[in-house]
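Dear colleague,

Please find below the structure that I am handing over to you. My notes on the ligand site and on the domains follow it.

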Amino acid sequence: MSKKKVAIVATGGTIAGTGQTGKTVSYQAGRVGMEEIVASIPLIEEIAQLEMHQLFNLDSNEMDEAHWLELAGCINTLTRREDIDGIVVTHGTDTLEETAYFLNLVVHTQKPIVITGAMRPATATSADGPFNLYQAVCLAVDKRAVGQGVMGLFSNTIYAGRDIQKINNYKIDAFDQRSLGCLGYMQDDKVYFYSKTFKTHTFHSVFSWQLPDSLPKVGIAYFYAGASADILDDLARNHEGIVIIGSGSGNYSTRWLDKIEALANQGILFVRASRVNEGIVFEDRIFDPQGICIPANTLSGPKARVLLMLALTLTRDPQKIREIFDQY
Ligand code: SIN
(Lines give C-alpha, C1' and ligand atoms only; values in the text may rest on other atoms or scores of the structure.)
Protein backbone atom coordinates (compact mmCIF):
# COMPACT_ATOMS: atom_id res chain seq x y z
CA MET A 1 0.00 0.00 0.00
CA SER A 2 1.34 3.45 -0.85
CA LYS A 3 2.22 5.76 2.02
CA LYS A 4 -0.19 8.50 3.04
CA LYS A 5 0.86 12.11 2.48
CA VAL A 6 1.12 14.62 5.30
CA ALA A 7 1.74 18.33 4.84
CA ILE A 8 3.80 19.90 7.60
CA VAL A 9 2.98 23.58 7.98
CA ALA A 10 5.75 25.19 10.03
CA THR A 11 5.13 28.45 11.87
CA GLY A 12 8.17 28.65 14.20
CA GLY A 13 8.42 28.33 18.00
CA THR A 14 10.90 26.58 20.24
CA ILE A 15 10.71 23.45 18.13
CA ALA A 16 12.61 25.53 15.57
CA GLY A 17 14.64 27.40 18.19
CA THR A 18 18.41 27.58 18.54
CA GLY A 19 20.74 28.46 21.42
CA GLN A 20 23.98 27.29 22.98
CA THR A 21 24.53 23.65 21.98
CA GLY A 22 23.21 21.27 24.61
CA LYS A 23 21.49 23.95 26.74
CA THR A 24 17.74 24.29 27.24
CA VAL A 25 17.55 27.99 28.15
CA SER A 26 18.45 31.34 26.54
CA TYR A 27 17.56 30.51 22.97
CA GLN A 28 15.76 32.21 20.10
CA ALA A 29 12.50 30.61 18.91
CA GLY A 30 11.81 30.22 15.17
CA ARG A 31 15.33 30.02 13.74
CA VAL A 32 15.71 26.61 12.03
CA GLY A 33 13.80 25.53 8.92
CA MET A 34 11.47 22.55 9.31
CA GLU A 35 13.30 20.60 6.56
CA GLU A 36 16.37 20.49 8.81
CA ILE A 37 14.41 19.23 11.81
CA VAL A 38 12.58 16.58 9.79
CA ALA A 39 15.92 15.37 8.38
CA SER A 40 17.05 14.67 11.96
CA ILE A 41 14.13 12.34 12.76
CA PRO A 42 14.81 8.65 12.11
CA LEU A 43 11.87 6.66 10.72
CA ILE A 44 9.62 9.64 9.96
CA GLU A 45 9.86 9.12 6.19
CA GLU A 46 8.68 5.52 6.70
CA ILE A 47 5.41 6.73 8.23
CA ALA A 48 4.29 9.14 5.52
CA GLN A 49 5.31 11.03 2.44
CA LEU A 50 6.00 14.53 3.73
CA GLU A 51 5.45 17.87 2.05
CA MET A 52 6.96 20.88 3.80
CA HIS A 53 5.41 24.35 3.97
CA GLN A 54 7.44 26.91 5.89
CA LEU A 55 4.62 29.45 6.32
CA PHE A 56 6.25 31.56 9.07
CA ASN A 57 9.20 31.18 11.41
CA LEU A 58 8.03 33.16 14.43
CA ASP A 59 8.07 33.13 18.16
CA SER A 60 4.37 32.38 18.75
CA ASN A 61 4.05 35.56 20.82
CA GLU A 62 4.24 37.36 17.44
CA MET A 63 1.23 35.45 16.08
CA ASP A 64 -1.86 37.61 15.60
CA GLU A 65 -5.28 37.38 13.95
CA ALA A 66 -3.83 37.99 10.47
CA HIS A 67 -1.42 35.04 10.95
CA TRP A 68 -4.30 32.83 12.14
CA LEU A 69 -6.32 33.68 9.05
CA GLU A 70 -3.37 33.05 6.73
CA LEU A 71 -2.64 29.73 8.44
CA ALA A 72 -6.29 28.64 8.24
CA GLY A 73 -6.40 29.61 4.54
CA CYS A 74 -3.23 27.59 3.89
CA ILE A 75 -4.69 24.53 5.67
CA ASN A 76 -7.99 24.83 3.78
CA THR A 77 -6.10 24.93 0.48
CA LEU A 78 -3.99 21.90 1.41
CA THR A 79 -6.86 19.79 2.75
CA ARG A 80 -8.87 20.38 -0.44
CA ARG A 81 -6.14 18.47 -2.29
CA GLU A 82 -6.99 14.78 -2.76
CA ASP A 83 -3.38 13.69 -2.34
CA ILE A 84 -3.06 15.19 1.17
CA ASP A 85 -4.32 12.92 3.97
CA GLY A 86 -3.48 14.98 7.03
CA ILE A 87 -1.80 18.15 8.28
CA VAL A 88 0.73 18.75 11.02
CA VAL A 89 1.23 22.32 12.22
CA THR A 90 4.38 23.14 14.18
CA HIS A 91 3.95 26.11 16.50
CA GLY A 92 5.41 27.84 19.54
CA THR A 93 3.91 26.60 22.77
CA ASP A 94 3.13 30.01 24.29
CA THR A 95 0.04 30.82 22.21
CA LEU A 96 -0.53 27.39 20.68
CA GLU A 97 -3.79 26.98 22.58
CA GLU A 98 -5.36 30.00 20.87
CA THR A 99 -4.26 28.94 17.39
CA ALA A 100 -5.48 25.37 18.04
CA TYR A 101 -8.95 26.57 19.04
CA PHE A 102 -9.13 29.08 16.19
CA LEU A 103 -8.26 26.40 13.61
CA ASN A 104 -10.67 23.97 15.28
CA LEU A 105 -13.46 26.48 14.62
CA VAL A 106 -12.60 27.64 11.10
CA VAL A 107 -10.92 24.86 9.14
CA HIS A 108 -13.33 23.10 6.78
CA THR A 109 -12.18 19.50 6.71
CA GLN A 110 -12.57 16.09 8.31
CA LYS A 111 -8.90 15.29 7.67
CA PRO A 112 -6.72 15.09 10.78
CA ILE A 113 -5.04 18.36 11.80
CA VAL A 114 -2.41 17.93 14.50
CA ILE A 115 -0.62 20.84 16.15
CA THR A 116 2.62 20.31 18.04
CA GLY A 117 5.77 22.07 19.21
CA ALA A 118 8.48 21.73 21.81
CA MET A 119 9.63 23.06 25.14
CA ARG A 120 13.32 22.58 24.37
CA PRO A 121 15.04 24.20 21.38
CA ALA A 122 16.38 22.11 18.50
CA THR A 123 19.94 22.58 19.80
CA ALA A 124 19.24 21.24 23.33
CA THR A 125 20.33 17.84 24.61
CA SER A 126 17.23 15.63 24.39
CA ALA A 127 15.21 18.19 22.44
CA ASP A 128 11.54 17.13 22.63
CA GLY A 129 10.53 18.58 19.25
CA PRO A 130 11.62 15.72 16.97
CA PHE A 131 9.74 13.12 19.01
CA ASN A 132 6.59 15.27 19.20
CA LEU A 133 6.78 15.87 15.44
CA TYR A 134 7.25 12.17 14.75
CA GLN A 135 4.19 11.29 16.83
CA ALA A 136 2.16 14.13 15.27
CA VAL A 137 2.81 12.66 11.81
CA CYS A 138 1.85 9.17 13.07
CA LEU A 139 -1.39 10.62 14.47
CA ALA A 140 -2.13 12.53 11.26
CA VAL A 141 -2.10 9.30 9.21
CA ASP A 142 -4.21 7.29 11.66
CA LYS A 143 -7.69 6.68 10.26
CA ARG A 144 -9.27 7.03 13.72
CA ALA A 145 -8.04 10.63 13.80
CA VAL A 146 -10.36 11.53 10.90
CA GLY A 147 -13.22 13.79 12.04
CA GLN A 148 -11.72 14.48 15.50
CA GLY A 149 -11.10 18.16 14.76
CA VAL A 150 -7.82 19.87 15.51
CA MET A 151 -5.73 17.88 18.00
CA GLY A 152 -2.69 18.88 20.03
CA LEU A 153 0.10 16.33 20.44
CA PHE A 154 2.67 16.63 23.23
CA SER A 155 4.64 14.09 25.25
CA ASN A 156 2.71 10.98 24.15
CA THR A 157 -0.65 12.67 24.80
CA ILE A 158 -3.44 13.68 22.39
CA TYR A 159 -5.45 16.77 23.33
CA ALA A 160 -8.57 18.38 21.86
CA GLY A 161 -7.85 21.69 20.11
CA ARG A 162 -10.75 23.29 22.01
CA ASP A 163 -9.37 22.44 25.41
CA ILE A 164 -5.59 22.14 25.16
CA GLN A 165 -3.85 24.53 27.52
CA LYS A 166 -0.24 25.16 28.50
CA ILE A 167 -0.07 24.46 32.23
CA ASN A 168 3.67 24.37 32.83
CA ASN A 169 6.26 26.85 31.57
CA TYR A 170 9.25 24.67 32.41
CA LYS A 171 8.65 20.95 31.98
CA ILE A 172 8.41 19.17 28.65
CA ASP A 173 5.05 17.66 29.66
CA ALA A 174 3.67 21.19 29.52
CA PHE A 175 0.08 20.73 28.35
CA ASP A 176 -3.22 19.55 29.70
CA GLN A 177 -6.88 19.75 28.80
CA ARG A 178 -8.09 21.58 31.93
CA SER A 179 -10.08 19.08 33.99
CA LEU A 180 -11.37 17.26 30.91
CA GLY A 181 -8.59 14.67 30.67
CA CYS A 182 -7.32 14.09 27.13
CA LEU A 183 -8.46 12.41 23.93
CA GLY A 184 -5.87 9.66 24.10
CA TYR A 185 -2.26 8.63 24.33
CA MET A 186 0.50 7.45 22.01
CA GLN A 187 3.31 5.00 22.43
CA ASP A 188 5.91 5.65 19.75
CA ASP A 189 3.83 5.37 16.53
CA LYS A 190 0.78 3.68 18.14
CA VAL A 191 -2.37 5.72 18.72
CA TYR A 192 -4.80 4.99 21.57
CA PHE A 193 -8.00 7.07 21.62
CA TYR A 194 -10.17 7.01 24.76
CA SER A 195 -12.61 9.90 24.34
CA LYS A 196 -13.86 12.51 21.89
CA THR A 197 -15.15 16.05 22.17
CA PHE A 198 -18.88 16.74 21.99
CA LYS A 199 -18.33 20.36 20.98
CA THR A 200 -18.88 21.37 17.35
CA HIS A 201 -15.71 21.80 15.29
CA THR A 202 -14.06 21.99 11.86
CA PHE A 203 -16.28 20.58 9.10
CA HIS A 204 -19.48 21.07 11.14
CA SER A 205 -18.61 24.52 12.45
CA VAL A 206 -20.57 27.44 11.02
CA PHE A 207 -17.32 29.44 11.10
CA SER A 208 -15.70 27.06 8.62
CA TRP A 209 -18.12 27.89 5.81
CA GLN A 210 -16.25 31.05 4.87
CA LEU A 211 -13.12 32.55 6.39
CA PRO A 212 -13.58 36.25 7.22
CA ASP A 213 -11.06 38.77 5.82
CA SER A 214 -10.41 40.13 9.30
CA LEU A 215 -11.66 39.74 12.86
CA PRO A 216 -13.46 42.25 15.07
CA LYS A 217 -11.46 43.60 18.00
CA VAL A 218 -12.07 41.89 21.34
CA GLY A 219 -9.99 42.68 24.43
CA ILE A 220 -9.39 40.93 27.73
CA ALA A 221 -9.66 42.51 31.20
CA TYR A 222 -8.11 40.62 34.13
CA PHE A 223 -9.79 41.18 37.50
CA TYR A 224 -7.79 41.19 40.74
CA ALA A 225 -8.51 42.41 44.27
CA GLY A 226 -8.69 46.20 44.11
CA ALA A 227 -8.66 46.36 40.27
CA SER A 228 -9.78 49.72 38.89
CA ALA A 229 -12.65 49.58 36.41
CA ASP A 230 -10.82 52.10 34.16
CA ILE A 231 -9.39 49.23 32.12
CA LEU A 232 -12.95 48.51 30.91
CA ASP A 233 -13.38 52.12 29.70
CA ASP A 234 -9.99 51.95 27.98
CA LEU A 235 -10.87 48.72 26.16
CA ALA A 236 -14.36 49.92 25.25
CA ARG A 237 -12.83 52.82 23.26
CA ASN A 238 -11.62 50.54 20.47
CA HIS A 239 -13.03 47.05 21.04
CA GLU A 240 -16.41 45.57 20.15
CA GLY A 241 -16.28 42.99 22.90
CA ILE A 242 -14.52 42.41 26.21
CA VAL A 243 -13.74 39.10 27.88
CA ILE A 244 -13.47 39.46 31.63
CA ILE A 245 -11.15 37.04 33.36
CA GLY A 246 -12.85 37.19 36.72
CA SER A 247 -11.98 35.62 40.04
CA GLY A 248 -13.65 32.39 41.24
CA SER A 249 -16.61 31.61 39.00
CA GLY A 250 -15.94 34.62 36.76
CA ASN A 251 -16.56 37.24 39.47
CA TYR A 252 -15.61 40.89 40.03
CA SER A 253 -16.35 43.85 42.27
CA THR A 254 -19.51 46.00 42.27
CA ARG A 255 -17.40 48.80 40.70
CA TRP A 256 -16.75 46.51 37.73
CA LEU A 257 -20.40 45.45 37.62
CA ASP A 258 -21.55 49.10 37.43
CA LYS A 259 -19.07 49.78 34.61
CA ILE A 260 -20.06 46.61 32.73
CA GLU A 261 -23.75 47.60 32.89
CA ALA A 262 -22.96 51.12 31.64
CA LEU A 263 -20.78 49.91 28.74
CA ALA A 264 -23.24 47.17 27.76
CA ASN A 265 -25.83 49.93 27.33
CA GLN A 266 -23.44 51.51 24.82
CA GLY A 267 -23.30 48.23 22.84
CA ILE A 268 -20.15 46.51 24.16
CA LEU A 269 -20.52 42.73 24.40
CA PHE A 270 -19.15 41.00 27.50
CA VAL A 271 -18.09 37.43 28.21
CA ARG A 272 -17.23 36.22 31.73
CA ALA A 273 -14.37 33.70 32.05
CA SER A 274 -12.39 32.77 35.16
CA ARG A 275 -8.79 33.08 36.24
CA VAL A 276 -9.26 29.69 37.98
CA ASN A 277 -8.04 26.97 35.63
CA GLU A 278 -10.60 24.31 36.42
CA GLY A 279 -14.38 24.41 36.70
CA ILE A 280 -17.17 26.02 34.66
CA VAL A 281 -18.44 29.58 34.41
CA PHE A 282 -22.26 29.56 34.37
CA GLU A 283 -24.87 32.33 34.28
CA ASP A 284 -24.80 34.17 37.63
CA ARG A 285 -27.57 36.56 38.69
CA ILE A 286 -25.63 37.78 41.76
CA PHE A 287 -22.55 39.02 39.90
CA ASP A 288 -24.58 39.80 36.77
CA PRO A 289 -28.17 40.63 37.84
CA GLN A 290 -29.25 41.78 34.35
CA GLY A 291 -27.75 38.73 32.59
CA ILE A 292 -25.47 40.94 30.46
CA CYS A 293 -22.36 38.77 30.42
CA ILE A 294 -22.19 35.59 28.36
CA PRO A 295 -20.63 32.80 30.43
CA ALA A 296 -17.44 31.33 28.93
CA ASN A 297 -18.36 27.82 30.04
CA THR A 298 -15.11 25.80 30.25
CA LEU A 299 -13.19 28.11 27.88
CA SER A 300 -10.21 30.02 29.24
CA GLY A 301 -10.18 33.80 28.75
CA PRO A 302 -7.94 33.73 25.62
CA LYS A 303 -10.05 30.96 24.06
CA ALA A 304 -13.29 32.79 24.92
CA ARG A 305 -11.80 35.80 23.11
CA VAL A 306 -11.24 33.68 19.98
CA LEU A 307 -14.85 32.49 20.02
CA LEU A 308 -16.27 35.97 20.70
CA MET A 309 -14.30 37.41 17.76
CA LEU A 310 -15.68 34.74 15.44
CA ALA A 311 -19.21 35.04 16.86
CA LEU A 312 -19.11 38.80 16.19
CA THR A 313 -18.44 38.12 12.50
CA LEU A 314 -21.94 36.56 12.38
CA THR A 315 -24.10 38.42 14.88
CA ARG A 316 -24.24 41.03 17.65
CA ASP A 317 -27.32 39.45 19.22
CA PRO A 318 -26.30 38.43 22.80
CA GLN A 319 -28.80 35.55 22.83
CA LYS A 320 -27.36 34.09 19.62
CA ILE A 321 -23.82 34.52 20.99
CA ARG A 322 -24.91 32.68 24.18
CA GLU A 323 -26.06 29.78 22.02
CA ILE A 324 -22.73 29.81 20.16
CA PHE A 325 -20.88 29.61 23.50
CA ASP A 326 -23.03 26.62 24.51
CA GLN A 327 -22.35 24.81 21.23
CA TYR A 328 -18.66 25.46 20.58
C1 SIN B 1 7.00 30.32 21.37
O2 SIN B 1 5.87 30.19 21.82
O3 SIN B 1 7.22 30.56 20.16
C4 SIN B 1 8.18 30.24 22.27
C5 SIN B 1 8.01 29.25 23.35
C6 SIN B 1 7.84 27.84 22.90
O7 SIN B 1 7.66 27.50 21.75
O8 SIN B 1 7.90 26.97 23.83
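In this predicted model, the ligand is surrounded by Gly13, Thr14, Ala29, Asp59, Ser60, Gly92, Thr93, Asp94 and Ala118. By residue class, this shell comprises 5 polar, 2 charged and 2 nonpolar residues. The ligand occupies the largest pocket.

Three polar contacts to oxygen atoms of the ligand may be of use to you when you inspect the site. Threonine 14 takes part through its side chain, where an N or O atom is 2.9 Å from a ligand oxygen. Aspartate 94, by contrast, takes part through a polar atom of its backbone, at 3.0 Å from an oxygen atom of the ligand. Alanine 118 also uses its backbone, with an N or O atom lying 3.3 Å from a ligand oxygen. As for the burial of the ligand, its exposed area when taken alone is 250 Å², of which the protein buries 94%.

Turning to the chain as a whole, the domain assignment gives two domains: domain 1 covers residues 5-204, and domain 2 covers residues 217-327. Their contact with each other involves 18 residues of domain 1 and 17 residues of domain 2. The centres of domain 1 and domain 2, taken over C-alpha atoms, are separated by 30 Å. Each residue listed above as surrounding the ligand, from Gly13 to Ala118, has a number that falls within the bounds of domain 1, 5-204.

With kind regards

Notes. Residues are numbered from 1 along each chain as its sequence is written. This is a predicted model: local features need pLDDT of at least 70, side-chain atom pairs count only at pLDDT 80 or more; totals for chains, interfaces and linings use all residues. Side-chain values use heavy atoms; hydrogens and water are left out. A residue is near a molecule or strand if one of its heavy atoms lies within 4 Å of it. A polar contact is a pair of N or O atoms within 3.5 Å; within protein, one must be able to donate a hydrogen and the other to accept it, and residues adjacent in sequence count only if both atoms are side-chain atoms. Accessible areas come from the Shrake-Rupley method with a 1.4 Å probe; for residues, only the protein chains shown count as cover. On a 1 Å grid over the protein atoms alone, a cavity is a set of points where a 1.4 Å probe fits but cannot get out, and a pocket is an open set with protein on both sides within 12 Å along at least five of seven lines; lining residues have an atom within 4 Å of a point. A molecule sits in a cavity or pocket if more than half of its atoms lie within 2 Å of its grid points. Ala, Val, Leu, Ile, Met, Phe, Trp, Tyr, Cys and Pro count as nonpolar, Asp, Glu, Lys and Arg as charged, and the others, Gly among them, as polar. Domain bounds come from an automatic or database domain assignment. Contact means heavy atoms within 4.5 Å.
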